[in-house]
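Me: I'd like a close look at one part of this protein: the largest pocket. Could you walk me through what lines that pocket, and then show me what sits around the rest of the fold?

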Amino acid sequence: MQIAPNTVVYIHYKLTDDQGELLDSSEGQEPLAYIHGMGNIIRGLEAALTGRKTGDVLSVRVEPEDGYGERDPDLLQVVPVSAFEGVDEVVAGMRFHAEAQDGSVQEVTVVDVSDGDVTLDGNHPMAGVVLNFEVHVTDVREATPEELDHGHVHGAGGHHH
């Protein structure tokens, strides 16, 4: 069966940046399971997998615009350290969930702490990064009506209710 919209796809993958640094991998874990065509994975990888089948192995280069987007300097914000009430010490690298102006929840990363101010970055950690995937398609099957209704895979490698 070929990968097409509304199929459940199981993949093992290794993700590196252009410098060869390992960013993520499914090694030692269950394969990643997702429903193709539902936006469950980044656009560039999903497009490269369309039409593939069980057993296929491929290398995929995903540019930032088809991955996590370009870095947006408007997503940098400086706030007073007093905004972190209840946190003993705020240090670079910490991640927090913050409420955005539109009321949505956004993950932010502390990039600097100095002179009583904290610089937060609301960009995805992989924004602006070229992503290089080594992918092995381990299985492809039709999604069940319940999976399509819920928008995610059930069972092994997927969501358990």
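Reply: Sorted by class, the lining of the largest pocket has 10 nonpolar, five polar and three charged residues. Keep in mind that this is a predicted model. The space in this pocket comes to about 360 Å³. There are 18 lining residues, and Gln77, Ala98, Glu99, Gln106 and Val108 are the closest to the centre of the pocket. If you want to find the walls, look for β5 (76–80), β6 (95–99), β7 (105–114) and β8 (117–121), since these are the elements that give two or more residues to the lining. β6 has the largest share, with four residues.

Val108 is worth a second look. Besides lining the largest pocket, Val108 belongs to a core of eight residues, where Val90, Val110 and Val118 are also found. That core lies apart from the largest nonpolar core.

While you're in this area, find the loop between β7 and β8, where Asp115 sits. Asp115 has a positive phi of about 50°, although it is not a glycine. Is Asp115 buried or exposed? With a relative accessible area of 81%, Asp115 is exposed, because anything over 50% counts that way. Asn6 also has a positive phi, near 70°, and isn't a glycine either. You'll find Asn6 in the segment before β1. Its relative accessibility is 36%, so Asn6 counts as partly exposed.

Now for the second largest pocket, with about 190 Å³ of space. Its lining divides into nine nonpolar residues, one polar and one charged. The names to look for are Ile11, Tyr13, Leu15, Asp24, Leu32, Asn40, Ile41, Ile42, Leu45, Tyr68 and Phe133. β1 gives the most to this lining, with three residues.

Some of those names come back when you turn to the largest nonpolar core. It has 19 residues, and the members that touch the most others are Ile11, Leu45, Leu49, Phe133, Val135 and Val137. At least two core residues come from each of β1 (7–16), α1 (43–49), β4 (57–62) and β9 (131–142). The largest share, five residues, is from β9.

Ile11 is a good place to see how these parts meet. Skip its neighbours within four places in sequence, and Ile11 is still in contact with Ser26, Pro31, Leu32, Leu45, Leu49, Val135, His136, Val137 and Thr138. So what does Ile11 do double duty in? Ile11 is in the lining of the second largest pocket and is also one of the core members that touch the most others.

Last stop: Ser25, in strand β2 (residues 22–25). Ser25 counts as buried because its relative accessibility is 16%, and the cut-off is under 20%. Which residues does Ser25 contact, leaving aside its neighbours within four places in sequence? They are Tyr13 and Lys14. A polar atom of the Ser25 side chain lies 3.5 Å from the backbone oxygen of Tyr13. The side chain of Ser25 also reaches the backbone nitrogen of Glu27, at 3.0 Å. Tyr13 takes you back to the second largest pocket, where it is part of the lining.

Notes. Residues are numbered from 1 along each chain as its sequence is written. This is a predicted model: local features need pLDDT of at least 70, side-chain atom pairs count only at pLDDT 80 or more; totals for chains, interfaces and linings use all residues. Side-chain values use heavy atoms; hydrogens and water are left out. A nonpolar core is a set of buried Ala, Val, Leu, Ile, Met, Phe, Trp, Tyr and Cys residues joined through side-chain atoms within 4.5 Å. Buried means under 20% relative accessible area, exposed over 50%, partly exposed in between (1.4 Å probe, protein chains only). Contact means heavy atoms within 4.5 Å. A polar contact is a pair of N or O atoms within 3.5 Å; within protein, one must be able to donate a hydrogen and the other to accept it, and residues adjacent in sequence count only if both atoms are side-chain atoms. On a 1 Å grid over the protein atoms alone, a cavity is a set of points where a 1.4 Å probe fits but cannot get out, and a pocket is an open set with protein on both sides within 12 Å along at least five of seven lines; lining residues have an atom within 4 Å of a point. Grid points are joined across faces, edges and corners, and a volume is the space filled by probe spheres set on the points. Ala, Val, Leu, Ile, Met, Phe, Trp, Tyr, Cys and Pro count as nonpolar, Asp, Glu, Lys and Arg as charged, and the others, Gly among them, as polar.
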